[in-house]
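Here is a short report to read alongside a protein model. Keep the sequence and the 3D view open as you go.

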Amino acid sequence: MATLIKNGTVVNPTGATVADVLIDGEQIVALLAPGDNRFGVDLTASVENVIDATGKYVIPGGVDVHTHMELPFGGTNASDTFETGSRAAAWGGTTTIVDFAVQRTGERVQDALAAWHAKAAGECAIDYGFHQIIGGVDDESLKAMDELVAEGITSFKLFMAYPGVFYSDDGQILRAMQTAAGNGSTIMMHAENGIAIDVLVAQAIARGDTDPRYHGLTRPWETEQEATHRAIMLARLTGAPLYIVHMSAKQAVDTLAAARNEGHNVFGETCPQYLYLSLEEHLSAPGFDGAKYVCSTPLRSREEGHQQELWKYLRTNDLSVVSTDHCPFCMKEQKELGLGNFAKIPNGIGTVEHRVDLLYQGVVDGHISLARWVELCSTTPARMFGLYPRKGALFPGADADVVIYDPNKRNRISVETHHMNLDYSAYEGIEIAGGVDTVLSRGSVIISGNQYLGRKGHGQYLRRGLSQYLI
Ligand code: URP
Ligand code: ZN
Ligand code: ZN
């Protein structure tokens, strides 16, 4: 079926212009200036479905390259399944997710990946791909990395935190990076010094400092900056492309920016929680409420000015991507596991539905331009993880993953209205200027106003190419 999105302001990474978007089947076939018939042919003659986007932005569907649907963590599982989480993503204007398959020590990487395929297959409302977590770096898993690249899994996450769970030591990291340098894949790093953190955590618990805010206080910025520096040095040694996930400390990003200024192939992402939530106002909330905001890396101090610096680094492109690290756990029976001991609170926040809206507030507040909003939410993540030009921009030949975004809409984020399978919202009460009006995934309208028109199983698995930032 042919669809024409008329009269909207099309925002691409190259800028904004009034244009019509012509879609045939699952793909964009043309961007037309209104009234353009330069070729003497009316390309829109056979259009069955016309959507008027006057006064609205027409943007590429969001690409969230960091989600954890159903992740087993801290004795429980992330509360969104692929079905509920991908549907919530669609409501928020995200049309592609890249989730993390998890391998642990002793497990075959291929088996771990197969288990993730089984969880997601036939469940997703939007297209999806996988990164692979390597929780046990050894000869076999290193060999599997080469095989997975050939199968379209082109990025591998390692952890410098969580000893005994996902942790890799420096030797293991070095070996995995050597493998990545050889096969062209990207190493994604959880950069926190987990050995030092575990000592600080044990000392805090022994002192009786058990409230959620001690989660943040036992993961100080020094542990993030140190690990960031070490990861960069190991990447330089091996030549592997490095992408540091969920960065929250300004000092860690200073270190990343310095390496980028020296010309090294290193990248960083941050997440909405670090731009909007803080140690003082959220993690230190009275009673056990701070548990809602326990995630790693932790929320940082607003007084210390991390948020302003993160926005600055989003402008300078030293932070290249905003993803969500969507890893929701309900308060009831999940976060509650850490009552009386912050170290037992499952780590993670649910944001997949709100990323595009929250980043748009950066446009409204003058932190970033419209084109940068699109670049951070869609284009750069697609390029970084081998999905571009199929995803990430509105050009002929790209998948027709399109969001019509209404700058005049007003919403207030609330657990009462969100679609994530989560019994609270970390963003409760935040007023959003703007909002998603219509979402198309591969040419099908899946959100129209307040209606969900998608279906589970519409989302297809995406085999990814290598990063387009590979040197
Ligand atoms: O707190 C977080 N970030 N939970 C998800 C796991 C991870 O480290 O990304
Ligand atoms: Zn992580
Ligand atoms: Zn994560």
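The report starts with how to read the model, then goes through its sites one by one.

## How to read the model

This is a predicted model, where local features need pLDDT of at least 70, side-chain atom pairs count only at pLDDT 80 or more, and totals for chains, interfaces and linings use all residues. Residues are numbered from 1 along each chain as its sequence is written, chains are lettered from A and ligands numbered from 1 in the order in which they are written, and side-chain values use heavy atoms, with hydrogens and water left out.

## The zinc site

Which residues hold the zinc ion (ligand 2) as protein donors? They are Lys157 through NZ, His190 through ND1 and His246 through NE2. These donors lie 2.1 to 2.2 Å from the ion. A donor is an N, O or S atom within 2.8 Å of the metal (3.2 Å for Na, K and Ca); water is not among the atoms, so sites may look incomplete. Along the chain, the donors follow the spacing K-x32-H-x55-H. Lys157 and His190 link distant parts of the chain, 33 residues apart. Lys157 is in strand β11 (residues 155-159), and His190 is in strand β12 (residues 186-190). Strands (E, at least two residues) and helices (H or I, at least four) are DSSP runs, numbered from the N terminus. A second zinc ion, ligand 3, is 4.0 Å from the zinc ion (ligand 2).

Are these donors buried or exposed? Lys157 is buried, with a relative accessible area of 2%. His190 is buried too, at 1%, and His246 is buried at 1%. Buried means under 20% relative accessible area, exposed means over 50%, and partly exposed lies in between (1.4 Å probe, protein chains only).

His246 has another feature. Its phi is positive, about 30°, although His246 is not a glycine. His246 sits in the loop between β13 (242-244) and α8 (250-261).

## Ligand 1 and its cavity

Where does ligand 1 sit? It sits in the largest cavity. On a 1 Å grid over the protein atoms alone, a cavity is a set of points where a 1.4 Å probe fits but cannot get out. A molecule sits in one if more than half of its atoms lie within 2 Å of its grid points.

There are 13 residues around ligand 1 (each with a heavy atom within 4 Å of it). Lys157, His190, Ser296, Asp325 and Asn347 come nearest. Lys157 and His190 are also donors of the zinc ion (ligand 2).

Now look at the polar contacts, which are pairs of N or O atoms within 3.5 Å. Asp325 has a side-chain N or O atom 2.6 Å from a nitrogen atom of ligand 1. A polar side-chain atom of His190 is 3.0 Å from an oxygen atom of the ligand. For the side chain of His68, the distance to a ligand oxygen is 3.1 Å. On its own, ligand 1 has 260 Å² of accessible area, and the protein covers 99% of that (Shrake-Rupley method, 1.4 Å probe).

## Two cis peptide bonds

Which peptide bonds are cis? One runs from Ser296 to Thr297, with omega near 0°. Thr297 is in the loop between α10 (279-283) and α11 (306-316). Ser296 is among the residues that come nearest to ligand 1.

Another cis bond joins Tyr388 and Pro389, with omega about 10°. Pro389 lies in the loop between α13 (370-384) and β16.

## Side chains that reach the backbone

Gln132 is in strand β10 (residues 127-134). Gln132 is buried, at 0% relative accessibility. Its side chain reaches the backbone oxygen of Ala101 at 3.4 Å.

His418 is in the loop between β16 (402-412) and β17 (431-441). This residue is buried, at 10%. A polar atom of the His418 side chain lies 3.0 Å from the backbone oxygen of Leu422.

## Other places to find

Asn317 is in the loop between α11 and β15 (321-322). Its phi is positive, about 75°, although Asn317 is not a glycine. Asn317 is partly exposed, at 29%.

Pro346 is in the loop between β15 and α12 and is buried, at 1%. Its C-alpha is 5.8 Å from that of Lys335, eleven residues apart along the chain.

Val364 is in helix α12 (residues 355-364). Val364 is partly exposed, at 45%. From Val364 to His264 the gap is 100 residues in sequence and 33 Å in space, C-alpha to C-alpha.

Note on methods. Polar contact = N/O pair within 3.5 Å; in protein donor to acceptor, adjacent residues only side chain to side chain. 1 Å grid on protein atoms, 1.4 Å probe; cavity = no way out; pocket = protein on both sides within 12 Å on 5 of 7 lines; lining within 4 Å.
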